[in-house]
Amino acid sequence: MEKEEKIIFGFILIFIFIGTVGFTYGYFKAEFSYKSDELNVTTGTLKIDYVDNSPLIYKPNFKPGDVITKTITVENTGTLDATYDLIWKEYNNDITNDELIIKAVCDSMTTNDIMSGTCSGIEEKPVIGDNIKSDVSIAPGIKHKYVIEIIFRNLDENQNYNQGKTFSGIINVSDSN
């Protein structure tokens with residue numbers, strides 16, 4: 001082979017190699033996206049719904065004494081008992097000194113919204129960490145309805161250090177198992 005033929009043959013092999021790697025990468029590439037207006041999240045046999053059709057918890061000009069109310073339902077859509085955790089999918093809390101607290105009342109109901117008793121609510125606690133409530137048991141065909149309050153505590157004293165601070169978050173459910 002002449003030198004020119006060897007160079008052309010080398011270029012052809014390089015193009016074949018690059019093409020093979022490029023097409024294979026494109027074929028097996030997985031793409032993921034997140035939509036902030038996501039209304040329902042299902043994990044295993046658990047489903048969370050945001051009653052106001054928005055997962056985002058946010059209040060502009062949040063100041064001491066203000067309360068944000070959010071209602072969610074967690075439903076066991078499976079055929080077996082389940083255990084779940086309420087967690088912060090994401091949140092941003094700039095308010096200091098544990099002055100932002102969360103609490104909730106919980107009602108247990110059938111999937112037809114007929115009351116079937118109570119469930120354990122969320123005791124008043126500061127908004128810190130990712131975990132809101134752990135190891136909640138739920139039977140099949142049951143929904144837990146949480147009316148959640150996020151409260152910016154008013155201490156009846158100067159709280160200027162929290163002036164202009166913000167809070168936002170999204171609550172989610174995860175399987176405890």
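Which residue forms a salt bridge with Lys70? It's Asp52, with the closest N and O atoms 2.9 Å apart. Keep in mind that this is a predicted model: local features need pLDDT of at least 70, side-chain atom pairs count only at pLDDT 80 or more, and totals for chains, interfaces and linings use all residues. Residues are numbered from 1 along each chain as its sequence is written, and side-chain values use heavy atoms, with hydrogens and water left out.

**Salt bridges across the chain**

- The structure holds six salt bridges, each being a side-chain nitrogen of Lys or Arg within 4 Å of a carboxyl oxygen of Asp or Glu.
- Back to Lys70 and Asp52: this pair links distant parts of the chain, 18 residues apart, with Lys70 in strand S4 (residues 67-76) and Asp52 in the loop between strand S2 (46-50) and strand S3 (56-58).
- Strands (E, at least two residues) and helices (H or I, at least four) are DSSP runs, numbered from the N terminus.
- Lys70 counts as buried because its relative accessibility is 4%, while Asp52 is partly exposed at 46%.
- For those labels, buried means under 20% relative accessible area, exposed means over 50%, and partly exposed is in between (1.4 Å probe, protein chains only).
- Asp113 and Lys143 also meet through their side chains in a salt bridge, at 2.7 Å from N to O.
- Asp113 sits in the loop between strand S6 (100-110) and strand S7 (115-118) and Lys143 in strand S10 (residues 142-152), so this bridge ties together parts that are 30 residues apart in sequence.
- Here the Asp113 side is partly exposed, at 47% relative accessibility, and Lys143 is buried, at 12%.

**A small network**

- Lys59, Lys63 and Asp66 are joined into one network by salt bridges that share partners.
- Within that group, Asp66 pairs with Lys63, their closest N and O atoms being 3.8 Å apart.
- Asp66 counts as buried with 12% relative accessibility, whereas Lys63 counts as partly exposed with 49%.

**A nonpolar patch on the surface**

- Ile8, Phe9, Ile12, Leu13 and Ile16 make up a nonpolar patch on the surface, together offering about 490 Å² of accessible area.
- Patches take residues with over 30% relative accessible area and no salt bridge; like charges are joined within 9 Å, and nonpolar side chains (Val, Leu, Ile, Met, Phe, Trp, Tyr) within 5 Å.
- The areas come from the Shrake-Rupley method with a 1.4 Å probe, and for residues, only the protein chains shown count as cover.
- One of the patch members, Leu13, lies in helix H1 (residues 3-28) and counts as partly exposed at 45% relative accessibility.
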